[in-house]
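Trainee: I would like a close look at one part of this model. Please take the helix pairing and the side-chain contacts around it, and walk me through them in one go.

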Amino acid sequence: MGDSTVPKPSLARGAGEAGATLTFRALRRALRRLPLPAHVRADPLRTWRWHNLLVSFAHSIVSGIWALLCVWQTPEMLVEIETAWSLSGYLLVCFSAGYFIHDTVDIVVSGQTRASWEYLVHHVMAMGAFFAGIFWSSFVGGGVLTLLVEVSNIFLTIRMMMKINNAQDHPLYRVNKYVNLVMYFLFRLAPQAYLTKFFLRYLGQRTLGGFLLVTLLLLDVMILTYFSRLLRSDFCPERAPKRQHKDKFLTE
C-alpha cells in the first residue's frame, strides 16, 4: 500500500523543480561528450536535435518507470485521482516539471522556437497543470497517471532518433514502429481517455479541476494530432504531407 494518508510535507515550493532543472542541464552537458553518428555530426541542427532527444530519452526512462512504481505502491491513484498522494508521486511531478522547464529553455536558447512551437505549447500546458498540483498538493495522482505517457515516449524517442540518423531501413526501426504503436495505445491514448472521462465532472466549474479539464482537452487534441501523423508517417507514408520546414523539430 502507498502513503496516501501520510501528512504532506512542507517542502520548499519550487526547490524540487529547480533542482531537477539544474540536473537536466548538467546531464545535457555530459551527454554532449558522447560520440555522435556520422550523419548527425555533419549537421549542426541534427546535432542539437540528437542531444535534446538524448535528454528526453533519459527523462522518459526515469519518469516512465517511476510512474509505474508510484501506481504500484499507491494503487489508490487509479481511482482517487484528486486526493491520492504519495511522497514519491509528488517528487515525480516536481522532477518532470523541472524537465519541462529545462527543455523549454533549451528550445528557446537554441533558436528553435518557430520549428518547435508545438512542443512549447505542450510544455507550457504541462507545467501549468503540474505547478497547480504541486502548489495546492492536489491531483498528484492525476499527475502521476499523465506521466505514464513517458513509457510510450521511450519508444517514440527511439523512433525519432533513428529517423534523424536516417536509419528507417534498419530492422530495429521496423520492430520499434510496431512496439511504439502498441505503447502509444497503452500508455498514451488509454490513460488520456481515462483522465478525460474523470475530469469531465468538473465541466463548467471555476476550480482547479476545471482548469485541469481545459488543459487536458487541449492535450487530447495535440495527442490525437500526433497519432495521426505517426500513422501516416510509419504506416501510410504515401499519404504523409511533405514538411514545409526542414528544421521542424517534430519528426513526422
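Mentor: What follows starts with the whole chain, then goes to one helix pair and works outward.

This is a predicted model. The protein chain has nine helices and zero strands. Read from the N terminus, its elements run α-α-α-α-α-α-α-α-α. The chain has 252 residues, and 51% of them count as buried.

Start with α3 and α7. Helix α3 covers residues 44-73, and helix α7 covers residues 149-164. Their axes come within 8 Å. They cross at roughly 160 degrees. An angle over 145 degrees counts as roughly antiparallel, so α3 is roughly antiparallel to α7. What residue types make up the contact of α3 with α7? Twelve are nonpolar, seven are polar and four are charged. The hand of the crossing is left: α3 passes α7 in a left-handed crossing.

Now take single residues of α3. Isoleucine 65 sits in this helix. Its relative accessible area is 48%, so isoleucine 65 is partly exposed. The cut-off for exposed is over 50%. Isoleucine 65 and leucine 148 are 83 residues apart in sequence. In space, their C-alpha atoms are 8.3 Å apart.

Arginine 46 lies within the range of α3, residues 44-73. Arginine 46 forms a salt bridge with aspartate 43. The closest N and O atoms of that pair are 3.7 Å apart. Aspartate 43 has 28% relative accessibility and therefore counts as partly exposed.

Cysteine 70 is also within residues 44-73, the range of α3. With 0% relative accessibility, cysteine 70 counts as buried. Cysteine 94 counts as buried too, at 4% relative accessibility. How many disulfides does the structure hold? The count is zero.

Move across to α7. Arginine 159 is in helix α7. Its side chain meets that of aspartate 234 in a salt bridge, at 2.8 Å from N to O. Aspartate 234 belongs to helix α9, residues 208-235. The two partners are 75 residues apart, and the pair links distant parts of the chain. Are these partners buried or exposed? Arginine 159 has a relative accessible area of 3%, so it is buried. Aspartate 234 has 7% relative accessibility and so counts as buried as well. The cut-off for buried is under 20%.

A salt bridge also joins α1 and α4. The side chains of aspartate 106 and arginine 28 meet there, at 3.3 Å from N to O. Aspartate 106 is in helix α4, residues 87-109. Arginine 28 is in helix α1, residues 15-31. They are 78 residues apart, so this pair again links distant parts of the chain. Both aspartate 106 and arginine 28 are buried. The salt-bridge count for the structure comes to four. Those described here are among them: aspartate 106 with arginine 28, arginine 46 with aspartate 43, and arginine 159 with aspartate 234.

Helix α4 has a packing partner of its own. It packs with helix α5, residues 117-136, at an angle of about 150 degrees. Their axes are 9 Å apart. That angle makes α4 roughly antiparallel to α5. The crossing of α4 and α5 is left-handed. A left-handed crossing was also given for α3 and α7.

Follow the chain on from α5. Where is serine 137 found? Serine 137 is in the loop between α5 and α6, the latter spanning 140-146. It has a positive phi of about 50 degrees, although it is not a glycine. Serine 137 has a relative accessible area of 12%, so it is buried. Phenylalanine 139 is found in the loop between α5 and α6 too. Its phi is also positive, about 60 degrees, and it is not a glycine either. Phenylalanine 139 is buried, with a relative accessible area of 6%.

To trace this on screen, begin with the contact of α3 with α7. From arginine 159 in α7, go over to aspartate 234 in α9. Then turn to α4, where aspartate 106 pairs with arginine 28 of α1. Go on to α5, the packing partner of α4. End in the loop between α5 and α6, at serine 137 and phenylalanine 139.

Definitions and conventions:
Residues numbered from 1 in each chain as written. Predicted model: local features only at pLDDT ≥ 70, side-chain atom pairs only at ≥ 80, totals over all residues. Heavy atoms only, no water. Axes fitted to C-alpha atoms, helices over the stretch in contact; angles between N-to-C directions. Helix = DSSP H or I, 4+ residues; strand = E, 2+ residues; numbered from the N terminus. Parallel < 35°, antiparallel > 145°, perpendicular 65-115°, else oblique. Left-handed = near helix turned anticlockwise from the far one by under 90°. Nonpolar A, V, L, I, M, F, W, Y, C, P; charged D, E, K, R; others polar. Buried < 20%, exposed > 50% of the residue type's maximum accessible area, 1.4 Å probe, protein only. Disulfide = S-S within 2.5 Å.
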